[in-house]
Amino acid sequence: MEAWLSQHFINSSLIAGGALLVGVPIIIHLINRMRFRRVKFAAMEFLLNSQKKNRRRVLLEQLLLLLLRICAVAAVVALIARPILPKDLPLFGEQEIQHVVLIDDSGSMRDMLGETTAFDAAKKIAKEIASEGERRPEIHKLTLILASQPSQPVFTLQNLDSEFLAEMQSRLETIQCSHRRFNLVDAVKVAQEILVEQKGSVLNFHFISDFRDPEWTEDAALATAVHDMAAAGISTNLARTVPERHANLAVTELTGQLQIAAAEIPLRLRVKVESFSDRVVENVRVALTVDGTKLPRNLVIPKLEAGQTATQEFDVTFLTAGPHDISARVIGAEDSLEEDNTRFLAVDVAAQHRVLVIDGHVNRSSAEYLEDALEPAPGITGFDVLSEDVEYLRRNPLNGFRNIVLLNVGQLPADSVRFLEEYVAAGGGLAWFMGDQVRPAFYDDVLYNQGEGLFPVPITFIKDLPEDLGESTEDFRFEKHPLFTNFEGQDNPFLADVRVNKYFAIDEDFEPGPNTRIIGRFRDGAPAFIEHRFGRGQIITFLSSGGPDWTNWPRNPSYVIFQLELQKYLAESAAAEANYITGEPITIPIDPTLHTGEAEIRLPSAGGADVIRLRGGEARAADDQAETTTTQNGTITYTDTDLPGIYEITRTHRDQTTDVRRKTYNFPTSEESPLALAATDVMKSRIGNDVEVHVHDVGASGWIDGEEAGQEMRNWLLRILVFVLLAEQLLAKRLSFHSTQSGVAPLRGNRPTPTSRPQRTAAEPAPTTGASA
């Protein structure tokens, strides 16, 4: 009996005592019936006749009064016991009740709540929902899904019996929160699809998340998905796991000129720290680690305003060539999200970076200036310059060079053009410098090729730059561009001495395409520097000479600065930093003519011991990696990249040699680091007022144990109680007699119409009354 009561009342222990209280009005009624003695007197005949006529009506009225008093006591008892009958007792039979619980396991759910996390709180709420369903396991069913894998539920349509609860408890303990960003809209839609298939059931959707502000204010998709859920007749609950916004700092960038990293050459890196807090943070310290060894000094940011970003630069010198790892970590700051405090960077350090210079002059006079700028002495800049003639392009492989520079090249053989196109399309950097050997017709027809080739513009003829007749003292006018960063700001005394005599003019009708940009002009406004994208590679073109033929620039110190920056920029653009966000797949190209189809991925776990072995080509992935690996069109795709760090990918060649690539995966700070919470009224307004959606604050467990259903019943019980009490008072007044004259006792048990009794005079004798027991 107690078990049955506990399924229908929150305070079931009070039901027994309440049932006894219901009998109180009956006892009082019976006692009142026994209080009076029957007395007969001379004038009773009329009253007895009247009583016989009204006895049945009076009896019904008295029983109705008794019933109203019993109902009043029962309503008070029900208010205290808080019934939850509407949830479990449908009108006809016992309907099946479906619960779909969606847990948000995105990166922000790692937000710390004391000793636990928001994700731990979400799992606790899910277990409480399941435990409440155990009251009626035969009709309650639960489906549990994660935002990371909504199409693969953790549990599907499980009866909430004790055996399942034990299994659920064990399984939830093994589930860890991810480091990724997920599309919550897709997860909500999957949950709705699961529920609408359960026709004839009572449908409940429980969405457990931290509900961050950007998800609701910057995009209406999530609110629309929740609205559609509620509009489909599904009881929708949004349960918060985080009570308030917490302070948070994040390392949002760690980068530098990685493509020119060379052994024993200082490499300049920069780190950015962003505040996602709502208050000022002082003395922010950033610890730097190189190859697992912490550098002796930390970077210090004296003051970081709320919502602002601070940038610090530092130099690192690698003594040996090869792969190196760097990390930057915020330490000692008040911070609730640990995972975005660290950022990783993989650097492949070369012994030297080779640059190929092709000079169209027979004596290679222009190349000498470029060699002096890039490699004044071995080991100074990290560049190794090789100067050759045009024939070198067709006789030697080009993929060993970081960049290629062409100086005053008249024309190229067709196969050389093809080799250059393949080199740049694969990510190589290319620079053009003009001169008197250049043949415009060849450049326009073959190299420009109507905007599809290696040259960015159609050139026409050699033009003289007129003498400066204005106030300007510089022949160059640079646009804002990373290539000219060192020339920005105040007037550069070196550039003021640069003079250009001749340059190639371009077609007046030329309009730059989407892959072409003019980044610098001559004093007369004609294009001077042009940036051009071809495939994965970058091309920079200077429409004057790279030697002293048309300009004195090669003899100016600024020429050295420009050439060094040019090689750095081409190298960075040609081979962009391999920096990815956790969750993005790793794609491994497999060429059946070169590779065996086998590959390994070393995960960024502690000690680097976790190695995943994959098979591609015609063979499928290893059985234990089938869920996270696919093979298609000569590639192996690995998707389980949740852990931040450096992933090392090794391919095996048919000659049993291997090649190694490294990819850096970092926490998605731009999406998951902002910890501002969406206000409840904002969420409801975005969802819409035409549907009923319950947003539950942290710690509000009443909606789980049926308190809200009980509260809904209490509202009705209060209305019923007020009605019963009013009816009871009106009926009690009707059944009692209240004389308007003193000295007249009311008649109980009937309700004769009161009549005025004439006053007896003193001379009149008092009537005699006979009485019998």
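A nonpolar patch sits on the surface of this predicted model, where L59, L60 and L63 together make about 290 Å². Patches here are built from residues with over 30% relative accessible area and no salt bridge, with like charges joined within 9 Å and nonpolar side chains (Val, Leu, Ile, Met, Phe, Trp, Tyr) within 5 Å. Areas come from the Shrake-Rupley method with a 1.4 Å probe, and for residues only the protein chains shown count as cover. L60 belongs to helix α4, residues 44–81, and comes out as exposed at 55% relative accessibility. The cut-offs are under 20% relative accessible area for buried, over 50% for exposed, and partly exposed in between (1.4 Å probe, protein chains only). Helices (H or I, at least four residues) and strands (E, at least two) are DSSP runs, numbered from the N terminus.

As for the ground rules, residues are numbered from 1 along each chain as its sequence is written, and side-chain values use heavy atoms, with hydrogens and water left out. Local features need pLDDT of at least 70 and side-chain atom pairs count only at pLDDT 80 or more, while totals for chains, interfaces and linings use all residues.

Stepping back to the whole protein, there are 19 helices and 34 strands. Of the 773 residues, 46% are buried. The protein exposes about 40100 Å², with carbon and sulfur atoms supplying 51% of that. Among contacts (heavy atoms within 4.5 Å) between residues at least 6 apart in sequence, 72% join residues at least 24 apart.

Now for the inside. A nonpolar core is taken as a set of buried Ala, Val, Leu, Ile, Met, Phe, Trp, Tyr and Cys residues joined through side-chain atoms within 4.5 Å. The largest one has 73 residues, and L412, W432, Y443 and F522 touch the most other members. Helix α15 (residues 557–574) gives the most to this core, with 7 residues. Leaving out residues up to four places away in sequence, F522 touches a mixed set that includes L465, F476, V500, Y503, P527, F542 and L543, along with D475 and R477. A second, separate core of 32 residues includes F182, F205, A230 and I687. In soluble globular proteins, nonpolar side chains tend to be buried together.

Y443 also turns up in helix α14 (residues 440–448), where the buried residues are F442, Y443, L447 and Y448. These four lie on the same side of α14, because they cover an arc of only 150 degrees around the axis, the arc being that of the directions from the helix axis to the C-beta atoms. An α-helix has 3.6 residues a turn, so residues three or four places apart point the same way. The cover over the buried residues of α14 includes α13 (414–425), β19 (429–434) and β20 (459–464). Just past the end of α14, N449 takes a positive phi of about 50 degrees.

On to charge pairs. A salt bridge needs a side-chain nitrogen of Lys or Arg within 4 Å of a carboxyl oxygen of Asp or Glu, and by that rule the count is 29. One of them joins D697 and R240, at 3.8 Å from N to O. D697 lies in the loop between β34 (693–696) and α18 (702–705) and R240 in strand β7 (residues 235–240), so this pair ties together parts that are 457 residues apart in sequence. D697 is partly exposed at 46% relative accessible area, whereas R240 is buried at 8%.

The bridge between D348 and R662 has its closest N and O atoms 3.6 Å apart. Here D348 sits in strand β15 (residues 342–349) and R662 in strand β33 (residues 658–666), so the parts tied together are 314 residues apart in sequence. D348 is partly exposed at 49%, while R662 is buried at 11%. K303 and E305 form another bridge, with closest N and O atoms 3.7 Å apart, and E305 is partly exposed at 36%. E391, R394, R395 and D415 are linked in a network of salt bridges.

Two further pairs are worth a look. P557, in helix α15, is partly exposed at 42% relative accessibility; P557 and F494 are 63 residues apart in sequence and 6.7 Å apart in space, C-alpha to C-alpha. Q152 lies in the loop between β4 (140–146) and β5 (155–159) and is partly exposed at 45%. From Q152 to V190 the C-alpha to C-alpha distance is 9.9 Å, with their positions 38 residues apart in sequence.
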